[in-house]
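Trainee: Could you take me through the surroundings of the ligand in careful detail, and then show me how that part sits within the chain as a whole?

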Amino acid sequence: MSAIDDLPPLREVLAEYELNAKKALGQNFLLDLNLTQKIARTAGSLEGVHVIEVGPGPGGLTRAILSLNAERLTVIERDGRCLPVLAKIAERYPERLEIINGDALEQDFTALAGGKPVKIIANLPYNVGTQLLVNWLLPSGWPPCWQSLTLMFQKEVAQRIVARPGDKHYGRLGVLAGWRSEARIAFDVPPQAFTPPPKVTSSVVNLTPRARPFPVAADKLEKVTQAAFGQRRKMLRQSLKSLGGETLLEKAGIDPKRRAETLSVEEFCNLASLL
Ligand code: SAM
């Protein structure tokens, strides 16, 4: 394994700072710097880019992002035990690493970006990953503050994000992600790549914002997908009864006998805009 910087190997860092992984913080660390570089490269060129990383932990992905010449990197970490380790990385890359000790769910990412689109890269804590993604997909203004999201999820969640009609993973998350972004799974990461290993395979997902998503209010889209997928085995005339049922479906030119999983993102948006 080739070194990407002159900082100590991550295993030594974990031992020196006694960073034993805490389950409550979703800590599954990546110690292979070649793998963390592969994840960072999925975001495309980082030259001259401001990157925001959520949950740097002992800094494997952080070091990869900096080694690939990101102009600035802002990291948000909840676990105070990681701060001295991150401070060492900041010393190695003067004036480029900004460390925020806090909860990513409480950060204002638009303010952090400061008017210039950022790339967000993260090996996310699984317990907050989906909520963060939904927040990034649903800002009040569009385009968002990010030009790409490169995120690690449990494979099953990744499949729901990129799912298309007819796919068994297709549901509310797929419609939301498909409405506002183009999402793809870049590659899978096996449990053994993490310390400690999680129970399931993970996947790195890359999302870029759509320039002109279908103009519809997010809360209406949410209402339709909630009703439709809440009873996914039923015909839409039944599952959408409280929102107008057959009348609404006829206005949208959709056969009332169809089921939620067959509708395209555009058809969902069209239905929502008629509410
Ligand atoms: N990026 C590191 C890596 O790849 O080895 C650590 C990844 S680990 C899956 C998730 C990290 O997110 C942990 O360092 C954890 O302390 C941190 N974390 C958990 N909840 C968080 C939150 N709400 N806000 C910010 N960081 C959080």
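Mentor: A good place to begin is with the elements that line the ligand: β1 (29–30), α3 (60–67) and β3 (72–77) each supply at least two residues of the shell around it. Please keep in mind throughout that this is a predicted model. Of the 22 residues around the ligand, those that come nearest are Gly55, Gly57, Ala104, Asn123 and Pro125. By chemical character, the residues of the shell divide into 11 nonpolar, seven polar and four charged, with Gly counted among the polar ones.

A record helps to place this part along the sequence, since UniProt, in an unreviewed entry, puts the feature "domain: Ribosomal RNA adenine methylase transferase N-terminal" at residues 35–211. In the model, the span 35–211 is 33% helix and 28% strand, and its end C-alpha atoms lie 31 Å apart.

Stepping back to the whole chain, one finds 12 helices and nine strands, and a C-alpha trace that spans about 65 × 40 × 30 Å along its principal axes. Because a compact globule of 275 residues would have a radius of gyration near 19 Å, the 21 Å of the chain agrees with that expectation. Of the 275 residues, 39% count as buried. Finally, among the contacts between residues at least 6 apart in sequence, 66% join residues at least 24 apart.

Conventions. Residues are numbered from 1 along each chain as its sequence is written. This is a predicted model: local features need pLDDT of at least 70, side-chain atom pairs count only at pLDDT 80 or more; totals for chains, interfaces and linings use all residues. Helices (H or I, at least four residues) and strands (E, at least two) are DSSP runs, numbered from the N terminus. The radius of gyration is taken over C-alpha atoms; the globule rule is 2.2 Å times the number of residues to the power 0.38. A residue is buried if 20 or more other C-beta atoms lie within 10 Å of its own, exposed if 12 or fewer, and partly exposed in between; C-beta atoms are placed from the backbone. Two residues are in contact if their C-beta atoms, placed from the backbone, lie within 7 Å. A residue is near a molecule or strand if its C-beta atom, placed from the backbone, lies within 6 Å of it. UniProt positions are given in the numbering used here, feature names are shortened, and annotations may be inferred rather than shown by experiment.
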